[in-house]
Structures are given as structure tokens and as C-alpha cells.
Amino acid sequence: MNERSAGIGQVGGEDQLAQGRVQLRSKDTWIPDGLGEVSRRAAAEGVVLLKNEHDVLPLSGSAPIAVFGRVQVDYFTVGYGSGGDVRPPYSWNLLDALRADPALEVDAALAERYETWCAAHPVEAEPEWGTWPRSHPEMPLSEADIAEVAARTPLALVVVGRAAGEAREQALEDGSFFLTDDERTLLARVGAAFERTVVVVDTGNVIDLAWTRDEALDAVVLAWQGGMESGRAVVDVLTGAVPAGGRLTATVAHRYEDYPTHEHFGAADHNEYVEDVYVGYRWFETFAPDAVLYPFGFGLSYTTFDVRDVVVGRDGDTVTVTAQVANAGTHDGTEVVQVYVRAPHGLLGRPARHLVGFAKTAVLRPGDVTSVEVVFDLADVAGYDDAGVTGHRSSFVLEAGTYEVLVGADVRAARPVGGVDVEELRVVRTLSEVAAPRPEHAFERVVARPGEHGLAEPGVEKVPTATVARRERVLAGLPAALERTGDVGIVLGDVAAGRATLEAFVAQLDDDELEALTRGDFTMDSPLGEPGNAGALGGTVASLRDKGVPALTTTDGPAGIRLAVHTALLPCGTALASTWNPGLVRELNALLGAEMAAKGSDVLLAPGMNIQRDPLCGRNFEYFSEDPLVTGLMAAATVDGIQGAGLAACPKHFAANNQETNREHNDSRVSERALREIYLRGFEICVTRSAPRTIMTSYNKVNGVWAHYHHDLVTTVLREEWGYTGAVMTDWWMRPATDPDFPALTNDAYRVRAQVDVHMPGAWHRDDRHGDGSLLASLHADDGITLGELQRTARNVLRLVLSSPRASA
Ligand code: BGC
């Protein structure tokens with residue numbers, strides 16, 4: 001590992017994370033009852049069937065299966081980094097899961113050959129941080145080898161595997177986004193030699209899937225990474241024990257170059273989000289329908305559905321879509337009824353379709369009929385005017401016209417079923433300009449121009465840039481100080497029991513105690529928390545603990561609890577989202593909450609909810625979707641599950657953290673409209689529906705300001721507009737900076753002014769066990785941080801602490 005020198009300007013998050021990697025200390029393999037089973041169900045429901053010619057699936061068990069591809073043994077159960085660094089008590093690869101199913105038979109000689117070869121060519125056990133393999137070399141097999149197996153059985157299954165992760169983008173290379181020559185050869189030879197070939201793709205990211213059109217490949221199953229139950233979940237779907245029913249939450253294009261982000265992703269210094277609101281299917285459906293290989297929302301079933309009697313009702317601003325869903329085929333199945341809206345083009349220009357709701361049926365048997373209902377609010381289909389073209393700058397507006405409602409099994413298949421008329425332009429929310437691009441960073445963004453045949457054409461316009469005087473905005477919001485009382489004997493338990501107010505408790509705290517609440521206990525694996533923790537916060541000093549403030553243990557997330565003990569490894573975020581089943585995600589996370597309680601995690605650093613802007617982003621596997629509604633609903637379900645169990649969730653990374661390359665320094669340059677309609681929208685849904693107790697900012701800058709200093713995002717939007725009252729923490733380690741509008745504020749003072757309450761894990765370098773003094777130095781400087789601000793942040797943090805069972809223990 002590279003050691004970097006210790007100056008504040010050279011803080012090395014990657015090094016520090018590597019240091020925080022968990023060392024296994026316990027052999028205890030207990031996990032809550034039901035967690036394995038629900039995890040398996042969730043992983044299975046997230047499997048997306050992309051192709052199923054000749055009804056080769058579900059497997060009938062009539063022929064032995066010849067299983068090819070070393071990933072059957074060395075299965076990728078999750079991606080890399082903090083979001084995957086879990087030590088599960090067990091893990092099912094595909095080969096073992098196939099062999100464990102009594103109804104299936106695996107070609108034993110081939111399986112043994114793979115096992116022997118994999119044992120002789122092991123994958124690296126502990127690669128260095130950020131250098132993990134994106135794929136594993138294939139076992140060479142000649143045409144004759146394959147023919148020999150094909151002579152024994154007509155049915156082949158080929159497994160292809162990929163992983164990416166934190167600090168490790170997916171690359172436009174063979175063995176990452178693309179297949180390797182060995183994989184291409186294997187697929188070609190197996191496809192030619194066998195009567196039927198099924199392919200399982202084990203990946204956390206969308207990869208190139210153009211090869212799946214090859215006619216020799218009969219079925220293609222996009223399995224994602226299903227955690228410790230991966231293998232069994234895939235087998236459940238292959239056999240039909242769980243009917244194939246996952247749906248894509250991101251578009252698969254024919255070529256990487258078809259994504260509108262392809263020239264604006266991965267730059268070291270900054271990326272201009274030129275595609276603006278036209279992210280994912282919003283781009284493809286509006287401008288480039290022919291570039292789509294598998295549309296957003298797509299996934300096959302083993303049966304067919306008849307969606308009928310669709311009715312669109314309106315009561316004021318509430319729109320209700322109801323339908324009957326009948327299983328019209330011969331197998332069990334689940335259907336996801338997706339509702340999209342096509343807004344009038346108006347002056348803003350709008351995506352051709354955007355998702356406004358969905359409903360998933362229970363398993364329907366052949367002939368079963370059920371009814372579904374999707375409700376949405378007209379305000380949710382409004383567009384944000386950041387340029388003033390409608391005459392209502394900084395407002396969400398519904399332009400006049402018909403809002404066409406479309407229903408279908410995916411974005412492309414959705415058909416018009418009715419419409420909602422808006423007679424004249426309506427302003428649904430008047431806000432203020434936030435986080436707009438700086439004038440010196442202006443760029444051209446895509447706008448939709450009316451084109452021929454009802455299709456839009458992409459045009460460009462200059463992005464509106466910032467006009468707000470930030471200093472005045474900040475000063476207008478400074479809170480008054482509570483009059484200091486000194487220690488009058490109130491402990492936090494008194495606040496928890498309603499015997500004292502939080503304000504009275506905070507009024508007792510001295511400068512050092514207030515400072516201690518604004519940071520963690522300096523280090524990962526804090527001695528104040530459970531071994532292997534990501535850091536501790538709250539009662540980080542003895543005088544706070546004497547006043548009854550416990551230290552809270554934070555742990556990663558999202559795919560399980562990252563501690564020094566065995567913990568369940570859950571399906572990755574994309575797999576969970578692909579279930580389109582928020583109820584199941586809630587159920588899973590409630591069990592995860594029970595595991596947190598048993599193992600001493602107070603705060604799970606999850607869900608990961610950045611938008612999958614580009615398929616190459618290394619952490620896409622942790623995230624849910626290219627769509628903010630799917631993202632927001634899945635995140636809210638996660639938070640509800642964990643918090644319902646009494647623990648805290650910490651949605652992350654707020655906001656616009658869409659790549660890993662140079663992530664601590666990169667600037668996401670994005671219009672305010674795209675922020676509000678896409679990148680902030682998922683967080684807004686999550687915050688307003690599920691009230692997470694804490695939120696993590698992102699590493700990157702958003703229009704020139706590091707997220708951990710972003711007053712506009714954290715104070716104006718998150719707290720003032722959305723009513724958020726919990727704590728906000730940084731992602732691990734900050735970048736030093738001085739507030740351009742308040743030169744007396746550097747580093748921690750600049751951060752606390754924004755109400756980014758807690759610096760995690762708290763020091764400025766991994767070898768340090770202390771802060772840099774910047775917060776209290778500013779308290780005593782002219783034009784510095786105020787006592788009222790420190791006390792406000794103390795209240796934000798203590799609200800999180802009070803929500804923990806430890807506060808009243
Ligand atoms: C990641 C976070 C994670 C934190 C603590 C950071 O590098 O970006 O998602 O929660 O480390 O492990």
C-alpha cells in the first residue's frame with residue numbers, strides 16, 4: 001500500500017480505507033432467523049430474464065446440465081470496497097447450488113474439471129485496495145473438450161462474471177465492460193455444440209450485452225450479485241421455484257457510446273452533465289429509441305400477462321391508475337405494472353416518458369386475476385424551471401396541456417391509457433436557486449426541441465449559472481445562541497424520558513463538548529465501537545459520556561454489516577431494486593436491523609442511492625437505478641426496515657457522486673434543474689417518506705463546492721425545503737478549504753456552518769487521533785462560526801443519538 005505523507009492537503013482516503021479493512025475476529029456465524037431465507041428470496045426476485053427462446057427455462061430437470069465458466073465456482077457475490085466488505089457465515093456459488101437441488105443433475109466430470117482447475121488457479125485472496133480483479137481468467141477448453149461433453153447432454157449453462165467497486169470503475173476493456181476473447185470463444189463453442197445454451201451473467205454493473213443476441217444462446221439470465229445466497233437464488237429462478245420476474249432499473253444500450261454521458265464521465269477534474277435531465281431512459285426514449293437493446297423496466301417472465309380494464313381517475317391533484325392483471329400463460333409469474341407520464345413539451349421541454357409509479361403483483365398462477373393500483377400526485381410530474389423560460393424561475397411548474405398516462409411492462413412497451421389535462425400553467429412549488437453552476441464553469445446542456453413526427457430532437461443551450469449572493473443567504477439563517485447554563489446536572493436520559501428539553505441539555509455544554517459532537521472518534525475501528533467499525537460518533541469524550549451521551553457505532557453498508565464478525569451478505573443494491581418490490585426490501589432490512597442490534601451496529605452507512613448515470617461507475621452495484629423514483633422508493637424501504645428495528649440508516653452519498661475516478665476532488669458540474677429533477681429527487685423521496693436519522697454527504701464537489709461544505713444542498717434544500725431534522729455526516733475524511741464568503745471559516749468551521757454536522761471518522765489523517773482545531777479557532781475569530789451554530793449542530797447530532805436504544809439504556 002502506498003504511504004502518503006501526513007499533511008492535511010494530502011489526506012488519502014483510499015489508504016485510510018484500506019487500513020480500516022476488517023480483520024475477522026469471531027467464528028460466530030449466527031444471523032437472525034429468516035435473514036438467509038429473505039435474502040435468497042430478494043436475490044431471486046431481482047434476477048432479470050433477458051432472453052428465453054424455445055422456453056428453455058425454467059429447467060425441467062430432464063437432462064444433466066453441463067456447466068461452463070469458472071465463475072460457477074469463483075462466483076462474484078458482491079462488488080468491492082466498503083459496500084461489499086462483509087464476512088458472510090456462508091456463501092453459495094452456482095455450482096454448489098445446482099448440485100444441491102435434488103431435481104437437477106450436473107455433469108459431474110465437467111464440474112470436477114472446473115473445480116480442480118480453479119483450485120490450481122486460485123483467485124487472489126486479499127488483493128490491495130482498489131486493485132481487485134474485474135474478472136477472472138477462464139479455464140481453457142478446446143472444441144474437442146466441449147464436443148465431448150456435448151455428446152453426453154444437450155443442455156449447457158455458461159456463467160460469465162464481473163465485478164467493479166469503490167475506487168475501481170468498470171473499464172471499457174475486455175474482461176471488464178466487454179467479454180474476453182476466451183469468454184467469446186467459450187460462448188461460441190458451447191453455443192455451437194449444444195442443443196440448448198443458457199447464459200448466466202453475474203455482475204453488479206450493466207456490461208456490454210450486445211453478444212446476447214447471438215442466436216446460439218437460447219436464454220440469458222442477468223443475475224446481478226445476490227450476496228451469500230447468490231447461487232441458490234439463481235437456481236430458484238432457473239428451475240422456476242421463484243418465477244422469473246426481475247425488471248431492469250437501468251437501460252441497456254447496444255453500445256457504450258450510445259449513453260449520453262459517454263464523453264462526460266470519468267474525467268479527473270470535472271464532468272459536465274451535458275445530458276441534463278435526459279439521464280438513462282429519459283435520453284433514449286426522447287432522442288434515441290433505436291439505441292436500446294433492453295429497455296428500462298424490461299424483464300421476461302415464464303408466462304404472459306394480460307393487463308386490462310385500465311382506468312385513470314383524477315381527484316384534484318391525485319391521479320389513480322387501476323388495472324386488472326391476468327396470468328394468461330401456463331406458468332406462475334409476477335407482473336410489474338409500470339406507469340409513465342409524457343408531459344407536454346411546453347417551454348421547458350420534457351423527457352418523452354418518466355416513471356411515476358409501479359405495482360408488482362404477488363405470484364399469480366395461470367388463470368389468476370388480480371387488481372393493481374398506482375397513485376401519484378400531479379405535483380410529482382412538474383418540471384423545474386431553472387432558466388425562467390416559463391416566467392417562473394426557481395419553481396416547479398406544470399405547463400398547460402395533456403399529461404398523457406402510459407401503462408406497460410417496461411418503458412418502451414408502455415401504451416397510452418388516458419390523460420390528465422392542465423388548463424393553464426400552474427406553479428406547484430416556488431423555491432430558491434440553489435447550487436447552480438458557477439458562471440465561469442458554464443457549459444452547454446441538452447434541451448429537447450420539438451421535432452418531426454411527434455419526436456423531439458436534441459438541441460443545446462447555455463446552462464443557467466448562479467446568481468445568488470451566498471453570504472447574505474447564510475447570514476439570514478444564522479440561529480440564535482442558547483444561553484449557557486453550565487452543567488446543571490441534566491443527563492441525556494432526562495431528555496429521552498421527557499424530563500428536560502434538548503435545548504436545556506445543550507445549554508450546559510462547553511466549547512470542547514460542542515466540538516466533540518461535530519466529529520467522530522478520529523479513527524476507523526474506534527475503540528468506542530464494536531471491533532471493525534467504520535467509526536464512532538456522539539459520546540466521543542468522557543465528559544459527554546458522563547452526561548449520558550453514548551458513543552454510536554457506525555458500520556458499512558449497504559450489502560450487510562461490515563464488522564469484525566460474521567454478518568449476512570445481502571444482495572447488492574441493483575439486485576434489490578430489480579425486484580421492484582419495496583415491501584420485500586423493507587422486510588429484508590428489518591431483519592438486517594435485528595442483526596445490527598445483536599452485533600452492536602447503531603448506524604448502517606446505507607442505502608447507497610446515487611443515480612446510475614453511466615454504466616462504468618464502479619459503485620453502481622451499490623446503487624439502485626438510473627431513475628430517481630425507483631431510487632427514492634427503494635431507499636425509503638431500506639430506511640423504514642432498519643429504523644423500524646430501532647437502529648439508524650444513513651443514506652449516501654449526498655449528492656451527485658456518480659463516478660469513482662478521483663472521487664475526492666472531482667467536480668460534478670450539473671444544472672440546478674438536473675439536480676432537482678434527477679440527482680436530489682431520490683433523496684427527497686427518501687427523506688420525506690422515511691425520515692432517515694442521518695445522511696452522508698459525498699466526496700465530490702457539486703458545482704465547485706465540496707458536498708461536505710455545501711450550505712445550499714445541506715441547509716437550504718435538505719433541511720429548509722425538505723424539513724430534515726437529523727444529523728448529516730461527511731463521507732470518510734474531508735478535503736481542507738476556506739469558505740470563500742467567510743474567510744474566518746476553514747475546514748471544520750466551514751463544514752459546521754453548512755450543517756454538515758459530523759466529520760467522520762474525525763481526524764485529518766489516518767495516523768492522527770486529534771482534529772485540527774479549526775472549529776474552535778473560528779468560534780473566537782471575527783466573523784467566525786457562532787455559538788448558536790455549534791449548538792444547532794449539537795442538537796442535530798443529539799437527535800440521532802436520542803433515537804438510539806443506547807440513549808435510554
Ligand atoms: C465510502 C463510504 C463508506 C465510508 C466508510 C467511504 O470511502 O465512500 O460509502 O461508508 O468510506 O467506510
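Start by colouring domain 1 and domain 3 differently: 31 residues of domain 1 are in contact with 30 residues of domain 3. Keep in mind as you look around that this model is predicted. To make the selections, use the bounds from the domain assignment: domain 1 covers 47–242 and domain 3 covers 482–808, with domain 2 at 301–431.

Zoom out for a moment. The centres of domain 1 and domain 3, taken over C-alpha atoms, are 38 Å apart. Between these two domains, about 2400 Å² of area is buried, and carbon and sulfur atoms give 57% of it. Now select S82, V86 and E169: this trio supplies 23% of the area that domain 1 buries against domain 3, more than any other three residues.

Next, show the side chains of D85 and R562. They form a salt bridge, and their closest N and O atoms are 3.2 Å apart. In total, three salt bridges are counted between domain 1 and domain 3.

Now move to strand β4, residues 196–202. Is β4 enclosed or open? Six of its seven residues are buried, so the strand is largely enclosed by the rest of the structure.

Add strand β3, residues 155–161, which runs parallel to β4 and is joined to it by seven bridges. To line the two up, find L155, which stands opposite R196 in β4. Then follow the chain from β3 through helix α6 (residues 181–193) to β4, and you will have traced a right-handed β-α-β crossover.

For your last stop, select strand β5, residues 219–222: four bridges join β4 to β5, and the two run parallel. Here, V198 has A219 in β5 as its bridge partner.

Definitions and conventions
Residues are numbered from 1 along each chain as its sequence is written. This is a predicted model: local features need pLDDT of at least 70, side-chain atom pairs count only at pLDDT 80 or more; totals for chains, interfaces and linings use all residues. Side-chain values use heavy atoms; hydrogens and water are left out. Buried means under 20% relative accessible area, exposed over 50%, partly exposed in between (1.4 Å probe, protein chains only). Two strands pair if DSSP finds at least two bridges between them. A crossover is right-handed if, with the strands pointing away from the viewer, the path from the first strand over the helix to the second runs clockwise. Domain bounds come from an automatic or database domain assignment. Contact means heavy atoms within 4.5 Å. Buried area is the accessible area (1.4 Å probe) that two parts lose on being put together, summed over both. A salt bridge is a side-chain nitrogen of Lys or Arg within 4 Å of a carboxyl oxygen of Asp or Glu.
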